[in-house]
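Biologist: I have not looked at this one before. Can you walk me through it?

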Amino acid sequence: MIEILVGSQMGAAEYTAEQVADTLVQAGYEVRLHLTPELEQLTRNAIWLVITSTYGAGDLPDNIQPFADQLAQDRSDLTTVSYAVITLGDSSYDTFCLAGRKMEALLQKNGAQALGLALNIDVLTAELPEDQACAWLTEFIKKLS
């Protein structure tokens with residue numbers, strides 16, 4: 001089971017997450033997409049793939065901030081969770097992809113195990129974020145097998 005947790009302010013991260021989910025389903029994985037993730041709704045013995053944009057001054061998007069607050073306040077045991085993070089950001093800011101780093105820190109604080117994969121997507125490049133994410137999935141799938 002792969003739980004995809006989406007943080008999207010303007011829609012780009014959500015669209016990227018939908019494309020990633022479709023690709024993973026085609027590869028034979030069971031996937032659940034969470035547009036407003038809540039800790040109690042997530043499978044703990046699973047892989048969590050966080051796909052978030054960075055908003056404002058390195059902030060998390062509004063739809064995933066309550067989940068981040070849950071992780072910060074609730075000392076949940078996430079030792080059975082493996083995770084990876086895809087972050088969309090604008091490299092012209094010094095807070096480039098900071099939202100993803102914040103999510104990683106919260107997951108690690110609660111004992112989740114990093115798969116050793118992270119993808120920072122610069123939205124200023126010509127390549128579409130969803131294309132970059134789907135290309136990255138090749139390495140992600142290798143880590144799973």
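Modeller: We can take the overall fold, then the core, then the charges.

Modeller: This is a predicted model, where local features need pLDDT of at least 70, side-chain atom pairs count only at pLDDT 80 or more, and totals for chains, interfaces and linings use all residues. Residues are numbered from 1 along each chain as its sequence is written, and side-chain values use heavy atoms, with hydrogens and water left out.

Biologist: How many helices and strands does the protein have?

Modeller: Four helices and five strands, taken as DSSP runs numbered from the N terminus (helices: H or I, at least four residues; strands: E, at least two). Their order along the sequence is β-α-β-β-α-β-α-β-α.

Biologist: And which residues of the largest nonpolar core touch the most other members?

Modeller: I4, L24, L49, I86, W136 and F140, out of 23 residues in that core. A nonpolar core is a set of buried Ala, Val, Leu, Ile, Met, Phe, Trp, Tyr and Cys residues joined through side-chain atoms within 4.5 Å; buried means under 20% relative accessible area, with a 1.4 Å probe and protein chains only.

Biologist: Which element gives the largest share of this core?

Modeller: α1, with five residues.

Biologist: Is there another core, and which residues are in it?

Modeller: A core of 20 residues lies apart from the largest one, and includes F67, L71, V85 and M103.

Biologist: Changing topic, how many positive and negative side chains are there?

Modeller: The protein has 8 positive and 20 negative, counting Lys and Arg as positive, Asp and Glu as negative, and leaving out His and the chain ends.

Biologist: What share of the residues is buried?

Modeller: 46% of the 145 residues.

Note on methods:
Buried means under 20% relative accessible area, exposed over 50%, partly exposed in between (1.4 Å probe, protein chains only). The place of a charge is taken as NZ of Lys, CZ of Arg, CG of Asp or CD of Glu.
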